[in-house]
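Please walk me through this model in the viewer, stop by stop. Tell me what to select next and what is there.

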Amino acid sequence: SMVALGDWMRLTDRIEEAGASLVMLGDSGQLPPIGPGLVFHEVARHSGYTARLTTIHRQTEDGGIPVVARAIRERQRELPWLLYEGPGQGVMRLACERSAAADEAVRVAGEIGTPGDDVQLVAARTVTVDRINRLFHDRDRGDQAEVRGPFGDLFSPGDPVVHLRNDYKAGLFNGLMGYVRSVDPGRRQVTAAFDEAEHTFEGGDL
């Protein structure tokens, strides 16, 4: 769904040259391309040559996510979510000031599970992500040493981390999650484990 028009043109040109066929698989409910052209979404609208999978396996219907996601895609004015009044089942909404969003997210995470194990926080704005990361870091650091990255990120043993670009030589890929095993403030090095394999980072790699 995220393939832009230019990439589709290059791909279909090569397929036409080869006399090959093309089968497109994707989810029109997912993100549109970053570049111009809404190719996949438009193709998926034509029922004559589109087959649709209708059974959702990632979530159960009674969990609330499919129902709310469908309502958002259909641009419904009133969404079928619950008001958050404590841990429970379903999709819930907690109203607060934007400036308090990160603090409230951390508070709720503490109420519903163990961050990093049972709870995953997702935020739309980078500034909110940074604030949430800092709150958890400060809460869990204790008297452990820390290393500051070139963009101000702080790393201490136990901190969860995510790798943000593909590094085929090291076997690390964008989105791979791990945790900090140890830090060396003198050398400004961080050793993190991804799938239990340790990798050491320093300088711009942080």
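The tour below starts at a strand, moves into the core and ends at the surface. Keep in mind that this is a predicted model.

**Stop 1: strand 7**

Select strand 7, residues 189–194. Six of its six residues are buried, so strand 7 is largely enclosed by the rest of the structure. Now look along the strand. Gln 189, Thr 191 and Ala 193 point one way. Val 190, Ala 192 and Phe 194 point the other way. In a regular strand, side chains alternate between the two faces of the sheet. Both sets in strand 7 are buried.

**Stop 2: the partner before it**

Add strand 6, residues 177–184. Strand 6 and strand 7 run antiparallel and are joined by five bridges. For one pair to display, pick Tyr 179, whose bridge partner in strand 7 is Ala 193. The two strands form a hairpin, with four residues between them. Select Arg 188 in that turn: its phi is positive, about 55°.

**Stop 3: the partner after it**

Next, add strand 8, residues 197–202. How many bridges pair strand 7 with strand 8, and in which sense? There are six bridges, and the pairing is antiparallel. Thr 191 is a good residue to click, as its bridge partner in strand 8 is Thr 200.

Then zoom in on the hairpin between strand 7 and strand 8, where two residues separate the strands. Select Asp 195 and Glu 196, which are both in this loop. Asp 195 has a positive phi of about 50° although it is not a glycine. Glu 196 also has a positive phi, near 70°. Most residues other than glycine have a negative phi. Are these loop residues buried or exposed? Asp 195 is exposed, because its relative accessible area of 66% is over the 50% cut-off. Glu 196 is exposed too, with a relative accessible area of 56%.

**Stop 4: the largest nonpolar core**

Show side chains for Val 147, Phe 155, Val 161, Leu 172, Leu 176, Val 180, Val 183, Val 190, Ala 192, Phe 194, Phe 201 and Leu 206. These twelve residues are the largest nonpolar core. Strand 6 and strand 7 are the elements that give two or more residues to this core. Which strand gives the largest share? Strand 7 does, with three residues. In soluble globular proteins, nonpolar side chains tend to be buried together.

Centre the view on Val 161. Setting aside residues up to four places away in sequence, Val 161 touches Phe 155, Leu 176, Met 177, Gly 178, Tyr 179, Val 180, Ala 192 and Phe 194. Another core, of seven residues, lies apart from the largest one. Val 106, Ala 109, Ile 132 and Phe 136 are among its members.

**Stop 5: Asp 130**

Select helix 5, residues 126–141, and find Asp 130 in it. Asp 130 is partly exposed, with a relative accessible area of 42%. Draw a distance from its C-alpha to that of Gly 152. The separation is 9.7 Å, for residues 22 apart along the chain.

**Stop 6: a nonpolar surface patch**

Finish with Met 2, Leu 31 and Ile 34, which make a nonpolar surface patch of about 360 Å². Pick out Leu 31, in the loop between helix 1 (5–18) and helix 2 (39–44). Leu 31 counts as exposed, at 53% relative accessibility.

Definitions and conventions: Residues are numbered from 1 along each chain as its sequence is written. This is a predicted model: local features need pLDDT of at least 70, side-chain atom pairs count only at pLDDT 80 or more; totals for chains, interfaces and linings use all residues. Side-chain values use heavy atoms; hydrogens and water are left out. A nonpolar core is a set of buried Ala, Val, Leu, Ile, Met, Phe, Trp, Tyr and Cys residues joined through side-chain atoms within 4.5 Å. Buried means under 20% relative accessible area, exposed over 50%, partly exposed in between (1.4 Å probe, protein chains only). Contact means heavy atoms within 4.5 Å. Two strands pair if DSSP finds at least two bridges between them. Patches are made of residues with over 30% relative accessible area and no salt bridge: like charges are joined within 9 Å, nonpolar side chains (Val, Leu, Ile, Met, Phe, Trp, Tyr) within 5 Å. Accessible areas come from the Shrake-Rupley method with a 1.4 Å probe; for residues, only the protein chains shown count as cover. A salt bridge is a side-chain nitrogen of Lys or Arg within 4 Å of a carboxyl oxygen of Asp or Glu.
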